Amino acid sequence: MRTALVIPSLGGPHLRDCLQSVAALDPPPAEVVLVLSGSAAPPAEAEGFRVQREDRRLGYAAAVNLGLGSLSEDTEAVAVLNDDALPGPGWLGAVTRAFEQRPDAAAVQGTVVSADGSRVDGRGIAFDRWGLPVQVDRDRPFADDHGERPLVAVSGTACVFRLQALRQIALGNGQVFDETFDCYHEDLDVGLRLRRSGWSAAWMGGAAVRHLGSASGGRFVWRHPWWLLANRWRALAGNLTPGATLRETPRLLRGDLRAVNTLARRNPRAVLTGAAVLASLPFIIMGGWLRSTPGPRLGAIPETAS
């Protein structure tokens, strides 16, 4: 399976380490596209990779879309990797083999682990009882890494997609990742759209990636809580039926209160941002309902990835 790799980056402090890990992948990707936006210059480690430059800052969704649009026509799968993620040498081969074992799978990820490798950072995305997206097995000790598990969605930190499926769920404007999300929960939105079109997502053991940690939340003290709170509503309203959205609204609002309380411990601005999201909800929800997307809308929030 011809697999490409797209790395969206603003030139963060861990990009060099990420590119060194990518250079050591065995088997290697057929092509690597580094989408570098903002003012950062390509590091020396990018030599031999294709670099897509944008002077303006691109959000995650727009950067990945730019990379997807540049891939060769014979590409069958595309991996996406954050610039602060370090895959092991066998990571790409392990996750792409899952497509051969599961023809219904459109998205696969391995275990994302903490920087020191001691704890699980996430094994995919699920919903908690309040309809909040959570990372499966977050903060558990990283020990056994065998088996597989169905997911609601894969995390954009380190994952691989079947390109045929991504093309099938493209939005009416041709975008795969919805660029109105900018950053956060665009991977959840893609997972829900794949589910609507009959595709599945899965976690596979034996494909660990160390996550050194993003600093974006600290840099965007206003936008970070906005993205986290508003984009959950965008993802759900954009994929649920209007009836399901209204039916789920009471518990989703309770989830917002819990999320704001958690975010405010580190960023007091989250309280004001939460109020702004609440005031904007009618427009966010209506925008989701009006979005042009393929596949029948979901009648409920997926509680498990069945």
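1. A quick definition to start: helices here are DSSP runs of H or I with at least four residues, numbered from the N terminus. With that in hand, Leu 188 sits in helix 5, residues 186-196. Leu 188 is buried, at a relative accessible area of 0%. Its C-alpha is 5.6 Å from that of Ala 153, although the two are 35 residues apart in sequence. Keep in mind throughout that this is a predicted model.

2. Next, the cysteines. How many disulfides does a search of the whole structure find? The count is zero. For Cys 18, the closest cysteine sulfur belongs to Cys 159 and is 13 Å away, which is too far for a bond; a disulfide would need the two sulfur atoms within 2.5 Å. Cys 183 is in no disulfide either, and its nearest cysteine sulfur, again in Cys 159, is 15 Å off. As for their surroundings, Cys 18 is buried at 0% relative accessibility, and Cys 183 also counts as buried, at 15%.

3. Cys 159 brings us to strand 12, which covers residues 158-162 and has five of its five residues buried. Ala 158, Val 160 and Arg 162 point one way from the strand, while Cys 159 and Phe 161 point the other way. Note that Arg 162 is among the buried ones.

4. What does strand 12 pair with? Strand 4 (residues 77-81) runs antiparallel to strand 12, and five bridges link the two. One place to look is Leu 81, which stands opposite Ala 158. Strand 6 (residues 105-109) is also antiparallel to strand 12, joined by two bridges. There, Val 108 has Val 160 as its bridge partner. As background, strands of a sheet pair through backbone hydrogen bonds.

5. Another sheet is worth tracing by eye. This one is open, has four strands in the order 5-14-7-8, and its pairing is mixed. Its edges are strand 5 (85-87) and strand 8 (120-122), each of which pairs on one side only. Strand 8 runs antiparallel to strand 7 (residues 112-113), with two bridges between them. Val 113 and Val 120 are bridge partners in that pairing.

6. Is helix 3 mostly enclosed or mostly open? Helix 3 spans residues 91-101, and eight of its 11 residues are buried, so the rest of the structure largely encloses it. Among the buried ones are Trp 91, Leu 92, Val 95 and Phe 99. Gly 93, Ala 94, Thr 96 and Ala 98 are buried too.

7. Now a pocket. The second largest one holds about 170 Å³ of space. Helix 8 (242-264) and helix 9 (269-290) are the elements that each give two or more residues to its lining. Helix 9 supplies the largest share, five residues. By class, the lining has eight nonpolar residues, one polar and one charged. To find the spot, look for lining residues including Leu 229, Leu 253, Asp 256, Val 271 and Gly 274.

8. Asn 261 is also in helix 8. This residue is partly exposed, at 45% relative accessibility. Its C-alpha is 34 Å from that of Asp 17, and the two are 244 residues apart along the chain.

9. Thr 75 lies in the loop between helix 2 (60-69) and strand 4. Despite the loop setting, Thr 75 is buried, with a relative accessible area of 4%. Its side chain makes a polar contact of 3.2 Å with the side chain of Arg 2.

10. Finally, some backbone details to check. Most residues other than glycine have a negative phi, and most peptide bonds are trans. Where is the cis peptide bond? It joins Asp 26 and Pro 27, with omega at about 5°. Pro 27 is in the loop between helix 1 (15-23) and strand 2 (31-37).

11. Two residues that are not glycine have a positive phi: Asp 137, at about 65°, and Tyr 184, at about 80°. Asp 137 is in the loop between strand 10 (133-135) and strand 11 (148-151), where it is buried at 12% relative accessible area. Tyr 184 lies in the loop between helix 4 (163-168) and helix 5, and is partly exposed at 24%.

Notes:
Residues are numbered from 1 along each chain as its sequence is written. This is a predicted model: local features need pLDDT of at least 70, side-chain atom pairs count only at pLDDT 80 or more; totals for chains, interfaces and linings use all residues. Side-chain values use heavy atoms; hydrogens and water are left out. Buried means under 20% relative accessible area, exposed over 50%, partly exposed in between (1.4 Å probe, protein chains only). Two strands pair if DSSP finds at least two bridges between them. On a 1 Å grid over the protein atoms alone, a cavity is a set of points where a 1.4 Å probe fits but cannot get out, and a pocket is an open set with protein on both sides within 12 Å along at least five of seven lines; lining residues have an atom within 4 Å of a point. Grid points are joined across faces, edges and corners, and a volume is the space filled by probe spheres set on the points. Ala, Val, Leu, Ile, Met, Phe, Trp, Tyr, Cys and Pro count as nonpolar, Asp, Glu, Lys and Arg as charged, and the others, Gly among them, as polar. A polar contact is a pair of N or O atoms within 3.5 Å; within protein, one must be able to donate a hydrogen and the other to accept it, and residues adjacent in sequence count only if both atoms are side-chain atoms.
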